[in-house]
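Please review the briefing below alongside the sequence and the structure.

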Amino acid sequence: MLLKTLLARLASMVITLFGVAVVVFVIIRVAPGDPIAMMLPPGASDADVERLRALYGLDRSMPEQFLIWLGGVLQGDFGTSISLRQPVAGLVLGRLPATLELSALALVIALVLGGFLAIFGARHRATPLEAGVDLTNGAALSVPDFLWGLVLILLFGVLWPVLEISGRVSPRLDLPFATQFYLVESILRLRFDLTADLLSHMIMPALALALPLAAIIAQLLKQSLKEVLNLDYVTLARVRGYSELRVILREGLRNAALPTLTLVGVQFTFLIGGTVIVERLFSYEGLGNMAIDAVINRDLPLIQGIVLLFAVIFILVNLAVDLTYSLLNPRLRHG
Amino acid sequence: MTQTRRAFLQTGIGLGVGLSALGKLGLSAAVAQESGDLTIAYNVNLPSWDPTTGPSAVNPTIQGIYQSVFDQFILQKPDLTFDAGLLTEWGWNEDKTQVFMVVREGVTWHDGSPFSAEDVVFSLERAAKPETGSPMQFVWSKIGNFTIEGNRITGDVIEYDPTIFKWMSFLTGYVLPKAYYEEVGPEGFEAAPIGTGPYKVDRFERNAYLRLVANPDYWGGAPAFETVTIKFVTDAASRVAEVESGNSLVTLEIPYEEYDRLVEKEGLTGEAHPVSDIGMIFLNDIDVMLDKNVRLAAHHAIDKQLIIDRLLRGYGVPLATLETPEYAAYDPSITFEHDPEKAKELLAASGYSTDNPVRFTIQTTRGFKPKDYEMIQAIVGMWRKVGIEAEIEVYEIAKHYELRAADQLAPAAFYNWGNSVGDPTTSTGFAMFGPSPHSVWDSEDLVAKIAPLWAEQDEEKRIQGWKDVSRYIAEECYVIPLLQYVQPIVHDAGISVVPHASGALLPALMTPA
C-alpha cells in the first residue's frame, strides 16, 4: 500500500515539476528585464545587442528556447549561467548543501524551542506562565525572519559581538572538506574547531529563520497537548501517580505531535523559501543568496535551475511528511 | 527539591559552557584582525574571474576587485588621470592610421612566468572576438593586425576612435596571460586566475569571500598589506555591523546617516569624496517633453542643493551638465539656476499653471541608488508648486535597461550614469546620441551636433566640441542632470585609505596609518 502511494506520488511529482518548469520558463521571460540590456556597455549598437542575444540563444522563439532547454534538462544539462558562466546544475547543486544545513539547523532550533515552549505552556496551563508563553509566541510570530536577523545582528554582532555577522565559514580557515556539507563533515571528521566556526556563522541566520516557526510549533503543540491532557487515558496515568511532566512527555506528546508534524512539514518548505532573504542578509553562501543575484542579473538559466530545485525540495519534503505521518498514525498505516 | 537543584545546576553549567564557547568564537574574530589580515566588507559579489566577458565585465563596482588581481593596459590614477601601467607609452602615428604601444619590461605573472608583448596582443585580439562574449567587442575591434618588435607593438586603426586608449583603463581593458589561459582554458582560468596585479588570488568562495595575498614581485612595488580578505556583504545594514563590530576594517556604500554616525565613533574614520557617478533624469522626446518650455520649467523648478542637503546630508555635488568637475569636458561656465518663478512663467507661456498643470509620468528605481525614490518624490513636490503634476512609476533597474534600450522610457526617468574614464563620449556622448541604445532623446539637431565628434582627431577641438554640445543640451534642456554622487567609505582609524574617483575600492591603495 505504502509502495503504491509512493509510486503515485512520484508520478505526480514529475507532472508537477513539468508544470513548474513551464510556468517559470514563461514567467521569467515575460517579466520585465532583459538580460542583454543589463549587460549593454556604453556605446553598444543594435548590432551588438543582436550579437549578444544570439550568443545566449535569446534570439529564438520562446517555444523553441523551451524545447532546447527541456532537451538539455532531460540529459542533465540545465544550461549555462549567463552571469557566472558555469553549468547551472553544478552551481545549484554546489550551493544546495549550504542551504540544507542552514534549514536543518533552523528546523532543529525551531523544534527544540517550540517544543520547550509548548510543554512549558501545557505544564503551566491556565496560569500567568501560559500567558507569558502566548506572549512570547506572539512576538516571535509577528516579527518577520529578516527583521529578527537585523535584531540578532545588533545584539550578537555589534553590542555583544560573539557571533559572526556574515559568511558561512571564516576566510582564514583552510577547509579540508570533500563535500559541501561542511557542518556534517566537520562533525564526522571530529574537527570541532571547524564545527564551532561554522556554528558561529550559522546560529544567527538559523535562529532568525527558526523563531517564527518555533512560535507556530509552540502554539499548535501546546493546544494539542492541552486537548490530549484532558483525555481519559491521560487521567489514568495521573491516577497511577505519574508526575505531570512525565504525563505530558510519555503519554500526551506522542498523540499531540501528529498535527504538529504535518504543520512542520508545510512550514519547513516556507522556511526554505525564507532562506532567500535571510541568506542575503547574512551573506551566507547558499541557494537563496544565489537566487537573488540571479534575479538581479536576469540570469534566466540560473533562475530556472534554482526554482526547479526548490520545487523538487518542496515536493520531497511534503512527500516525506506524508510518509512519516502514515507511519506514525496507525489508522493510516493500516487503512 | 533535590531534583530542582540538579536541574538548576545543569542549566547553569549548560549556560556557562555555551557562553564560554560564544566568547571563544568572538575572540577568534578579534585575533584574526590582529594577525594583519586586512578585511574589507565589499558591497557586491564577484560572479566571474573573466574581466572581459559577461555582465560582471561591465559592472563598474566589481572593477576594484579585478584591478587588485589584473592590471589594465594603462593605469588610471585616483584622480582619473592616466599613467604608465603595463603599457609605458602609447599613441597614434601622424595620420592616425596606426597605433603603437610600448610594453613594460621585467613584469611577471603570478605564476612567475614573464609578461610580454604577446600577452597584450592576445588580450586585445581576444576581447575583439565576438565569440568570446565580450560585450565591448565593438571597441576592441577598432584596432588590429598587430605586429611585435621587441617590447613595441604596432597595430592598424580599423576605425578611428579617439578614446581607444582611455578604454584601456576602463571596462574589459585588462591584460590576461596568453600562455596560461591557452593552457588551462576558460574553466581552468575561472578556477585559478592569475594576473600581474598587486595581489594574487589565494582562495575564492563565490558569494562569500575572496582571500588575496600580496604579490611581492609587483612591478609597482609590493602592497602594504600581506593578506586581504574581501567579504561579499551585499546588505548595507550587515556592512555597517561588520565595520562597527570590528569584523571588517573597511567598508563602503552605506547610508549617509550611518556614515555620519560611524565616523564619530572612536577607532573609526571615513572618506566621503565625489566619484564618477551622477544622478540624472532622462527626458524622452515624446508627448509634453517636445515642449521646450515644459522641459526648461521642469529643470528650473528643481532645487538640487536642497535635495543634497536634506536627503543626502550634504553628500553630493549639484550638476548642470552630464560632466563632473573631474571629467575632461567639464565646463564650469555652464550653469542652470533654480528659479521657480521662471518655471511658472515658462509653463504659463505654454498654457499651464498650478490650476491647469502639465501632466506626465516619471519613472524611478527605489533603493537602487541612495534615496532615489525620495529624491523623485521631492522633485515631484517642487514641480507641483509651479504647475507640473507628475505621476511616479517605480520600476526595477532591469526594467529601466529594457525600456531604455527599446526607447520606451516614460517622458521622464531617473537614472544614474557612471563614467570612470572621464571622457565626454562615455557620458554625454552615449547618453545623448540618438542612435545609441542608451539614449532616449533622439532629435536630429542633437544627433547632427554630436556625430562629427566621434571621429574628431584634434583632441582640443574634440573636447571643446563636447563642451559646446553640453551647453546646447543645457539650453534646450534635453536632459536634467541632478548631482554627482559621493561615495562613503568607513574604515578603521589605523588604516589609511586613498579613495579612487572611479569608485573602485582598491586594497593596494590602503596602508597602515
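The points that follow cover nonpolar cores, one helix pair and one strand residue.

This is a predicted model, in which local features need pLDDT of at least 70, side-chain atom pairs count only at pLDDT 80 or more, and totals for chains, interfaces and linings use all residues. Residues are numbered from 1 along each chain as its sequence is written, and chains are lettered from A and ligands numbered from 1 in the order in which they are written.

**Nonpolar cores**
- The largest nonpolar core (buried Ala, Val, Leu, Ile, Met, Phe, Trp, Tyr and Cys residues joined through C-beta atoms within 7 Å) holds 152 residues.
- A residue is buried if 20 or more other C-beta atoms lie within 10 Å of its own, exposed if 12 or fewer, and partly exposed in between, with C-beta atoms placed from the backbone.
- Among the residues with the most contacts inside this core are A:A206, A:I306 and B:V120.
- Helix α9 (residues 192-228) of chain A contributes the most to this core, 21 residues.
- A second, separate core has 69 residues, including B:Y315 and B:W466.

**Helix pair**
- Helices α10 (residues 232-239) and α11 (residues 244-281) of chain A pack at an angle of about 145°, their axes 10 Å apart.
- Their contact involves A:Y233, A:V234, A:A237 and A:R238 of α10(A) with A:V247, A:E251 and A:G252 of α11(A).

**Strand residue**
- B:Q98 belongs to strand β5 (residues 98-103) of chain B.
- B:Q98 is partly exposed because 16 other C-beta atoms lie within 10 Å.
- The C-alpha atoms of B:Q98 and B:F146 are separated by 9.7 Å, the residues being 48 apart along the chain.

Methods
Axes are lines fitted to C-alpha atoms, for helices over the stretch in contact, and angles run from 0 to 180 degrees between N-to-C directions. Helices (H or I, at least four residues) and strands (E, at least two) are DSSP runs, numbered from the N terminus. Two residues are in contact if their C-beta atoms, placed from the backbone, lie within 7 Å.
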